[in-house]
Amino acid sequence: MAVIALASFSGAPGVTTTALAMTFAWHRPALLVEVDTAKTSSILPGYLRGQFGRDRGLTALAIAQQNNALTAAEVMEQRIELAPDRSVILGLSSIVAAQSTTGLWSELGATLSTLDSAGMDVILDVGRVSVRDPRSSLLQIADSVQVLLRPTLPDIYTTAAQLTELRDLLAQAGHREYLELLLVDTPLETWPRADIVKLTNVDVSAGIVHDPRSAAVYYAGAEPSRKLTRNSYTRSITTAADLIRARILKRQELIGARPTRQETLG
């Protein structure tokens with residue numbers, strides 16, 4: 001199995017939108033988990049159009065963890081199906097709840113790492129990463145950490161200034177090379193990839209095409225066009241997913257299987 005974390009340092013480059021679109025494009029059954037602590041679930045009112053209650057999701061998992069009852073079975077119980085072999089665990093039901101989740105992240109990461117028996121991969125919508133982020137343990141167990149940014153000079157400089165801590169954090173877990181940049185195109189300006197790599201000292205994995213109409217299907221639940229499955233936006237998402245997958249598989253061939261939950265928790 002694989003755990004893929006999508007995050008950002010700059011404002012709103014489309015982490016949730018990209019994570020959701022990638023969940024549908026992923027090559028294996030995929031579970032999307034909203035672990036953004038800066039806001040409540042945006043998938044619930046967006047893609048799902050508020051059709052479900054807030055009784056299932058990350059808040060329920062946080063309560064289970066506090067009661068020493070966080071298990072793979074409980075994780076599976078909190079899923080909402082998006083499509084066959086595609087599901088989501090909705091984010092926190094309130095911002096206040098985020099204050100009581102400090103102890104959740106390492107145990108959640110260890111539990112998610114055991115879902116190989118369920119035959120699924122996990123995509124984490126981390127959202128914006130902060131200095132000394134309490135979700136650091138989730139990033140450390142990920143098989144790929146994709147930092148999203150727009151190829152504009154303000155985004156590049158904001159990201160470059162904060163990448164050092166994340167790079168060092170992953171290096172502590174022996175995962176320094178798991179860090180990559182995922183570019184989200186914008187009509188404002190586009191800096192060459194080579195310049196971005198030079199300024200950030202991090203490789204670029206892929207780029208997502210700028211297409212507000214297609215993106216709105218995922219962030220706002222807009223009606224998809226008949227061409228959605230084969231347009232340039234979807235192709236760019238699929239290409240990004242395939243490239244990320246290929247790098248993960250190459251690394252897994254070198255290092256072997258994932259540790260068990262007991263080994264992860266120590």
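**Note on the eight-stranded sheet**

1. Strand S1 (residues 3-8) and strand S5 (residues 121-128) run parallel and are joined by six bridges. One residue pair places the register: Leu-6 has Asp-125 in S5 as its bridge partner. The model is predicted, and the points below should be read with that in mind.

2. S1 and S5 belong to an open sheet of eight strands with mixed pairing. The strand order is S3-S4-S2-S5-S1-S6-S7-S8. At the edges are strand S3 (80-83) and S8, each of which pairs on one side only. On average, neighbouring strands of this sheet are turned by 25° against each other, direction ignored.

3. Helix H1 (residues 15-25) packs on this sheet. The strands that H1 touches are S1, strand S2 (30-34), S3, strand S4 (86-89), S5, strand S6 (144-149), S7 and S8. Between the direction of H1 and that of S5 the angle is about 170°.

4. At the S8 end of the strand order, strand S7 (residues 179-184) pairs with S8 in the parallel sense, over four bridges. Here the register can be read from Leu-181, whose bridge partner in S8 is Val-204.

5. The connection between these two strands includes a helix: S7, helix H7 (residues 193-200) and S8 make a β-α-β unit, and the unit is right-handed.

6. Is edge strand S8 mostly covered or mostly open? Strand S8 (residues 204-208) is mostly covered, with five of its five residues buried. This holds although S8 is an edge strand that pairs on one side only.

Note on methods:
Residues are numbered from 1 along each chain as its sequence is written. This is a predicted model: local features need pLDDT of at least 70, side-chain atom pairs count only at pLDDT 80 or more; totals for chains, interfaces and linings use all residues. Side-chain values use heavy atoms; hydrogens and water are left out. Buried means under 20% relative accessible area, exposed over 50%, partly exposed in between (1.4 Å probe, protein chains only). Two strands pair if DSSP finds at least two bridges between them. A crossover is right-handed if, with the strands pointing away from the viewer, the path from the first strand over the helix to the second runs clockwise. Axes are lines fitted to C-alpha atoms, for helices over the stretch in contact, and angles run from 0 to 180 degrees between N-to-C directions. Contact means heavy atoms within 4.5 Å.
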